[in-house]
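Thanks for sending this one over. Here are my notes, written so you can follow along with the structure open beside them.

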Amino acid sequence: MTVQHPLPSLAEPPVPDGVTMAELIALIATDPTLSTARRRNVASSIRRLCALLGLDPAHMPAAFWAFRERLAGFEPVAAGMTVRRFHTVRSDVGFALKRVSAPIARPRATLSDAWIGLKAGIDRWHVARIGRLAGYCSARGIAPAEVDDAVIEAYRSFVEQQTFKTSPQRHVRDLCCHWNKLLAADLLSASPLGLQHVTLPPGRATYAVAWDELPAGFRAGAERWLASLSRDADLFDVDARTRPLRDSSIDSYRFKLRQMVGALRERGLDTAGLLTLADLVELDRVRAIVGYFQERSAASGAAKDGRIVDGGFLHVLRMVARFTRPDDDDLHARLKNAHGRTSPGPRAMGRRPSEALRQFDGPSAFDRLLGLPPAVAARLDAKARLTRREALEYQAALGLELLIMRPVRLKNLAALRIGEHVRRDAGGVRIVVPADQVKNGVAIEHVLPPESAAMLERYLEKALPVLSSVPSGHLFPGAIAGRHKAQENLGKQIARLVRRHTGLTVTAHLMRHIAARLYMTAVPEGLETVRQLLSHKSADTTARSYVGLQNAAAVARYDALVLARRSQSAPAVPR
């Protein structure tokens, strides 16, 4: 039976109407329950946070939600403030906001016995993800077995109204995922705790049709086509590719089929008529699909002159047409013409990485990034023993060091195994990845510089034993014994380290672009070196991606030459 609890009204406003941060400063300054020093420090923190975020206290609502979006992309290091000082400022502002907020029960430091018992019986991975909920429920006298959808909804309201949590919806969704995983594990245990299943909040809406929802005949034809592209195709099948596609490419094409059928539904067309795969490439349906994605591109601001940016849908439609209607020359000609007119052209560096690289317009950004791994390692090497948190920081620093010196793809970085991919020999320590494990089929073999190799050895000695008590050979072990860390988690770990200490927004894949920019800024003609560093199969790939960097570096050299010559001779002033 579900236990009911007195929950706050979701319609209740989070703060009194009309209260601004300037008025909050005045309220704090006259609060008789605070000491003089406390009033002064809290008021100073409010002014400081508003100044850091570029806000006017007189026009800023005194509410947590008003700061949420601005804090999402803010890093104290970039603003010249230490992380510890920023946390103090944010804590003071949170304290002040709670003085005028609606009286919603807040977490307490001491957990109830029921929650202590639950946390003692689960691994650290889940403990870290239910900690805030445990504090919230302990403050309200709610036991773990009493957590239901109503409690989760009240908790969501609390997170939105009473915390600076930048993504409350995502936080609650992740919490529900972990809670239901705990429930599944609990049902298998010898002493179940009686946890209740909670409803998973909806995630990002998608228009793609589920594979099982597609008509059976269409699905069967699609599977035959995808099989002809894969390694599993009949060796003597005339429709099979000479060079089979990777499984990831097959999955991508399968998803594009789901997207295109979803596009037809979004256009209001009946998809029950898709009895075979050939029905997808009837001209009316092709027009509807292309029109839908052109509208999406235009709405997002990504389209230019009616082109579909990074869609690839007409490419897939042409492949389907060749497979299902090989003799329809008119259809092939129409699709080829449409593909050429809507194609975004030769593939170059994307808009988002191009914008991210603008962080490195000045040399100081490069210096902060390049100096981070050895600085973190030196600080942690000075400690006799590492905590798990410190070992994870060392792990992120080593991952960043390898990406700086040998920018492999994140998938290959996360899967590195000692002895298989990380080898020691007379020539030093080298990273070796066979061709069949690399995205483009080009084998990787790089010798690490002595400084990086020494950092790796210290990581193996000090940090790795803390992270994994069961030797598995993985350089970056995951939470599950015998498996490497998920590449997404390793990437986030590295990105957080960089952002916390430098203020830069850097992803693992962006490190490949950063390496290219760093080298080509100094050596504009260094495309071949960059190609080898990034293990590109074709020089054309490197040229298409980084010709802009090459041009910018060449122009900068020209400017330096002109300005140097100009400064060496006095100009002749015309009369």
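1. Let's begin with a term. A disulfide is a pair of cysteine sulfur atoms within 2.5 Å. Keep in mind that this is a predicted model. With that cut-off in hand, look at C177: the closest cysteine sulfur to its own is in C176, 7.2 Å away, so the two are too far apart for a bond.

2. Now turn it around and start from C176. Which cysteine sulfur is closest to the sulfur of C176? It's the one in C177, and the 7.2 Å gap is again too far for a bond. The two residues sit in different settings, too: C176 counts as buried at 0% relative accessibility, whereas C177 is partly exposed, with a relative accessible area of 28%. If you go hunting elsewhere, a search of the whole structure turns up zero disulfides.

3. Next, step back for the overall picture. The protein has 23 helices and three strands. Of its 575 residues, 42% are buried. The surface that the protein exposes comes to about 31,300 Å², and carbon and sulfur atoms supply 53% of it.

4. How do parts of the chain that lie apart in sequence meet? Take the contacts between residues at least 6 apart in sequence: 66% of them join residues at least 24 apart.

5. Have a look at T163, which you'll find in the loop between α7 (149-162) and α8 (168-188). Is T163 buried or exposed? It's buried, because its relative accessible area is 7% and buried means under 20%.

6. Stay with T163 and follow its side chain. At 2.5 Å it reaches the backbone oxygen of V159. The side chain of T163 also reaches the backbone nitrogen of K165, this time at 3.3 Å. Setting aside neighbours within four places in sequence, T163 is in contact with F64, R68, R132 and F158. Remember F158, as we'll meet that residue again shortly.

7. On to the rings. The count comes to 14 aromatic pairs. One of them is Y136 with Y155: the ring centres are 5.5 Å apart and the planes are at 70°, so this pair is edge-to-face. The pair links distant parts of the chain, with Y136 in helix α6 (residues 124-140) and Y155 in helix α7, 19 residues apart. As for accessibility, Y136 counts as buried at 0%, and Y155 is buried with a relative accessible area of 0%.

8. Y136 has another ring partner, F158. Why is the pair of Y136 and F158 called tilted? Their ring centres are 5.2 Å apart and their planes are at 35°, so the pair is tilted: planes under 30 degrees apart would count as stacked, and those over 60 as edge-to-face. Y136 lies in helix α6 and F158 in helix α7, so this pair ties together parts that are 22 residues apart in sequence. Both Y136 and F158 are buried.

9. Some rings come in groups. Try picking out Y207, Y292, F293 and F313, which form one aromatic cluster.

10. Finally, look for charges over rings. The charged end of R38 sits over the ring of F95, 4.4 Å from the ring's centre. Likewise, R254 has its charged end over the ring of W211, 5.3 Å from the centre.

Technical notes
Residues numbered from 1 in each chain as written. Predicted model: local features only at pLDDT ≥ 70, side-chain atom pairs only at ≥ 80, totals over all residues. Heavy atoms only, no water. Helix = DSSP H or I, 4+ residues; strand = E, 2+ residues; numbered from the N terminus. Buried < 20%, exposed > 50% of the residue type's maximum accessible area, 1.4 Å probe, protein only. Contact = heavy atoms within 4.5 Å. Areas by Shrake-Rupley, 256 points an atom, 1.4 Å probe, with all protein chains shown as cover. Polar contact = N/O pair within 3.5 Å; in protein donor to acceptor, adjacent residues only side chain to side chain. Phe/Tyr/Trp six-rings, centres within 6.5 Å; stacked < 30°, edge-to-face > 60°. Lys NZ or Arg CZ within 6 Å of the ring centre and 35° of its normal.
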